[in-house]
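Good morning, and thank you for making time for this item. Please have the sequence and the structure open while I go through them.

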Amino acid sequence: MRARQPYWQSYWYDLRFRPKGTPSFEPMNPDGPRPVPDESLALGTVDEFAERLLAVGVDELDDLCGELRVLVYTEAAPAPGTEPVLVRTVELGRR
């Protein structure tokens with residue numbers, strides 16, 4: 001028998017940036033993951049939220065060159081090594 005899934009799943013996201021030519025992504029928010037707004041989840045999927053967030057990032061961070069990545073978790077404070085449930089990356093500075 002399958003366990004019941006909760007009706008509402010909360011998510012947290014961590015936005016990271018890797019300047020071109022550097023080996024690793026660095027957090028853009030020193031306070032850790034932020035909650036995905038309930039309004040975003042009420043209107044669409046967490047995947048759609050991540051895509052919209054990155055699209056805004058491409059527009060607003062057009063002076064940066066590198067990669068922008070969003071990591072999505074089901075925990076507010078994921079332990080080191082916790083795998084995100086969703087990872088999306090976009091290139092910055094292509095214009």
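**Overall architecture**

Buried residues account for 28% of the 95 residues in the protein chain. I should say at the outset that this is a predicted model.

The protein chain contains two helices and five strands. Followed along the sequence, these elements give the pattern β-β-β-α-α-β-β. The C-alpha trace spans about 50 × 30 × 25 Å along its principal axes.

How far apart in sequence are the residues joined by contacts? Of the contacts between residues at least 6 apart in sequence, 60% join residues at least 24 apart.

As for the surface, the accessible area of the protein chain is about 6,700 Å², and carbon and sulfur atoms contribute 52% of that area. The protein chain carries 11 positive and 16 negative side chains, with the centres of the two sets 5 Å apart.

**The nonpolar core**

Let me turn to the interior. The largest nonpolar core consists of 17 residues, and Y11, Y13, V36, V46, V70 and V72 have the most contacts inside it. Two or more residues of this core come from each of β1 (12-19), α2 (46-60), β4 (66-73) and β5 (86-92). Which element gives the largest share of this core? That element is α2, with six residues.

Y13 serves as an example from this core. Beyond its neighbours within four places in sequence, Y13 is in contact with P33, R34, P35 and V36, with F49 and L53, and with V70, L71 and V72.

F49 also appears among the contacts of S40, a residue in a helix. S40 is placed in helix α1, which covers residues 38-43. Is S40 buried or exposed? With a relative accessibility of 15%, S40 counts as buried, because the limit for that class is under 20%. Apart from neighbours within four places in sequence, S40 is in contact with F49 and R52.

**Salt bridges**

Next, the charged pairs. How many salt bridges does the structure hold? There are four, and I will describe three of them, which are the pairs R16 with D14, D47 with R88, and E51 with R88.

In the pair formed by R16 and D14, the closest N and O atoms are 2.9 Å apart. The two partners fall into separate accessibility classes: D14 is buried, at a relative accessible area of 5%, while R16 is partly exposed, at 22%.

The salt bridge between D47 and R88 has its closest N and O atoms 2.7 Å apart. This pair links distant parts of the chain, given that D47 is in helix α2 and R88 in strand β5, 41 residues apart. D47 is partly exposed, with a relative accessible area of 30%, and R88 is partly exposed as well, with 27%.

R88 also forms a salt bridge with E51, where the closest N and O atoms are 3.1 Å apart. Since E51 lies in helix α2 and R88 in strand β5, this pair ties together parts that are 37 residues apart in sequence. E51 counts as partly exposed, at 40% relative accessibility. Taken together, D47, E51 and R88 are linked in a network of salt bridges.

**Two further positions**

I will finish with M28 and E67.

M28 is located in the loop between β2 (26-27) and β3 (34-35). Its relative accessible area is 38%, so M28 is partly exposed. Leaving out residues up to four places away in sequence, M28 touches L15, R16, F17, L61 and L68. A76 is 48 residues from M28 along the chain, and the C-alpha atoms of M28 and A76 are separated by 16 Å.

E67 lies in strand β4. Its relative accessibility is 24%, and E67 therefore counts as partly exposed. Which residues does E67 touch, not counting residues up to four places away in sequence? They are R16, F17, R18 and F25, together with T89, V90, E91 and L92. R16 and F17 are thus on the lists of both M28 and E67. Lastly, the C-alpha atoms of E67 and P23 are separated by 11 Å, with these positions 44 residues apart along the chain counted as their distance apart.

Thank you. I would be glad to take questions.

Conventions:
Residues are numbered from 1 along each chain as its sequence is written. This is a predicted model: local features need pLDDT of at least 70, side-chain atom pairs count only at pLDDT 80 or more; totals for chains, interfaces and linings use all residues. Side-chain values use heavy atoms; hydrogens and water are left out. A nonpolar core is a set of buried Ala, Val, Leu, Ile, Met, Phe, Trp, Tyr and Cys residues joined through side-chain atoms within 4.5 Å. Buried means under 20% relative accessible area, exposed over 50%, partly exposed in between (1.4 Å probe, protein chains only). Helices (H or I, at least four residues) and strands (E, at least two) are DSSP runs, numbered from the N terminus. Contact means heavy atoms within 4.5 Å. A salt bridge is a side-chain nitrogen of Lys or Arg within 4 Å of a carboxyl oxygen of Asp or Glu. Accessible areas come from the Shrake-Rupley method with a 1.4 Å probe; for residues, only the protein chains shown count as cover. Lys and Arg count as positive and Asp and Glu as negative; His and the chain ends are not counted. The place of a charge is taken as NZ of Lys, CZ of Arg, CG of Asp or CD of Glu.
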